[in-house]
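Biologist: I would like to learn how to read a model of this kind feature by feature. Could we take each idea in general and then turn to the case at hand?

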Amino acid sequence: MCGRYFLADRERPKDIQEIIDILNRTGHPVKTGDILPTDMAPVIANGRDLMPRPFLMRWGYEVNGRPLINARVETAAEKPLFADGMRQRRCLVPVCHYYEWERRGQERIRYAIAPEGEADFLMAGLYRINGDRAEYTILTREAAPEIGFIHDRMPVLMPAALKDAWLNPRNSAAEVLGEIRPMALRFGAM
């Protein structure tokens with residue numbers, strides 16, 4: 001699930017452009033276009049002052065030499081690898097759309113998926129510090145009914161109204177996640 005997503009490389013939505021501008025000013029060039037596991041990509045997380053800001057992090061918790069790119073929201077709080085993230089190391093991943101592949105026999109059909117009417121959106125994630133590197137993983141949930149034929153999982157899509165609550169470690173992750181309402185999705189084969 002969600003093994004690739006897209007961050008506009010031209011004609012970016014304003015919010016994504018601001019994140020990229022901030023990171024570029026720090027001397028760290030930001031990859032745009034298709035974002036793949038192990039890529040360094042922009043995320044929003046709290047700084048030491050507990051104020052949200054953009055960071056470049058590697059997509060995937062490195063586990064036994066492989067990137068673990070997703071965590072199931074239903075079990076993340078109980079898993080030792082993700083429990084600290086659910087308590088205090090939450091992040092948001094800015095996205096223009098994500099990809100999923102439908103299997104029809106030997107054929108694989110790629111779909112671009114995003115909330116209806118949104119030029120960009122945020123996926124809920126967790127992060128950790130692994131040595132000298134920050135790594136993030138994307139939370140997943142059961143797929144919305146309209147895209148269940150493509151894949152049985154999808155990222156947790158975070159409404160803008162809940163982004164500050166999600167990043168605030170004083171808030172219960174479960175309570176914030178419980179406030180998310182289904183969003184209409186647009187999707188099309190590519």
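Modeller: We will go through salt bridges, one arginine, the nonpolar core, the largest pocket and some backbone angles, keeping in mind that this is a predicted model.

Biologist: Let me begin with charged side chains. How many salt bridges does the structure hold, and which residues are linked in a network of them?

Modeller: The idea is to look for a side-chain nitrogen of Lys or Arg within 4 Å of a carboxyl oxygen of Asp or Glu. Eleven salt bridges are found in this structure, and a network of them links R58, E62, R128, R133 and E135. Within that network, E135 pairs with R58, where the closest N and O atoms are 3.8 Å apart. This pair joins distant parts of the chain, since E135 belongs to strand 12 (residues 133-142) and R58 to strand 4 (residues 52-59), 77 residues apart. E135 also forms a salt bridge with R133, and there the closest N and O atoms are 3.0 Å apart.

Biologist: Are these three residues, E135, R58 and R133, buried or exposed?

Modeller: The reading rests on relative accessible area, with buried meaning under 20% and exposed meaning over 50%. E135 has a relative accessible area of 0% and is therefore buried, and R58, at 10%, also counts as buried. R133, at 27% relative accessibility, counts as partly exposed.

Biologist: How far apart in sequence are D84 and R87, which also form a salt bridge?

Modeller: D84 and R87 are three residues apart in helix 2 (residues 80-88), so about one helical turn separates them. The closest N and O atoms of this pair are 3.8 Å apart. D84 counts as partly exposed because its relative accessibility is 26%, whereas R87, at 52%, counts as exposed.

Biologist: Let me return to R58. Which backbone oxygen does its side chain reach, and with which residues is R58 in contact beyond its sequence neighbours?

Modeller: A charged side chain can be read through its partners as well as its salt bridges. The side chain of R58 reaches the backbone oxygen of G60 at 2.9 Å. Leaving aside neighbours within four places in sequence, the contacts of R58 include T38, D39, M40 and P67, together with R133, A134, E135 and Y136. Another arginine, R153, sits in strand 13 (residues 153-155) and is buried, with a relative accessible area of 8%; its side chain reaches the backbone oxygen of T140 at 2.9 Å.

Biologist: Now for the nonpolar side chains. How many residues has the largest nonpolar core, and which have the most contacts inside it?

Modeller: Here one follows buried nonpolar residues that are joined through their side chains. The largest nonpolar core has 62 residues, and those with the most contacts inside it are Y5, M123, Y136, L139, I147, M158 and W166. Strand 11 (residues 121-130) gives this core its largest share, six residues. To take one of the well-connected members, M158 touches L92, L122, A124, K163, W166, L177, I180 and M183, when residues up to four places away in sequence are not counted.

Biologist: How is empty space read, and which residues lie nearest the centre of the largest pocket?

Modeller: Rolling a probe the size of a water molecule over the atoms shows where empty space is left. The largest pocket holds about 500 Å³ of space. Its lining is made by 25 residues, with D15, I44, L122, A160 and K163 lying nearest its centre. Helix 1 (14-25), strand 4, strand 8 (90-95), strand 11 and helix 3 (163-167) each give two or more residues to that lining, and the largest share, five residues, comes from helix 1.

Biologist: Finally, what should I look for in the backbone angles, and what is the phi of T38 and of N64?

Modeller: Most residues other than glycine have a negative phi. T38, although not a glycine, has a positive phi of about 80 degrees, and N64, also not a glycine, has a positive phi of about 55 degrees. T38 lies in the loop between strand 2 (33-35) and strand 3 (40-46) and, at 37% relative accessibility, counts as partly exposed. N64 lies in the loop between strand 5 (61-63) and strand 6, and its relative accessibility of 78% makes it exposed.

Note on methods
Residues numbered from 1 in each chain as written. Predicted model: local features only at pLDDT ≥ 70, side-chain atom pairs only at ≥ 80, totals over all residues. Heavy atoms only, no water. Helix = DSSP H or I, 4+ residues; strand = E, 2+ residues; numbered from the N terminus. Buried < 20%, exposed > 50% of the residue type's maximum accessible area, 1.4 Å probe, protein only. Polar contact = N/O pair within 3.5 Å; in protein donor to acceptor, adjacent residues only side chain to side chain. Contact = heavy atoms within 4.5 Å. Core = buried A, V, L, I, M, F, W, Y, C linked by side-chain atoms within 4.5 Å. 1 Å grid on protein atoms, 1.4 Å probe; cavity = no way out; pocket = protein on both sides within 12 Å on 5 of 7 lines; lining within 4 Å. Points joined across faces, edges and corners; volume = space filled by probe spheres on them.
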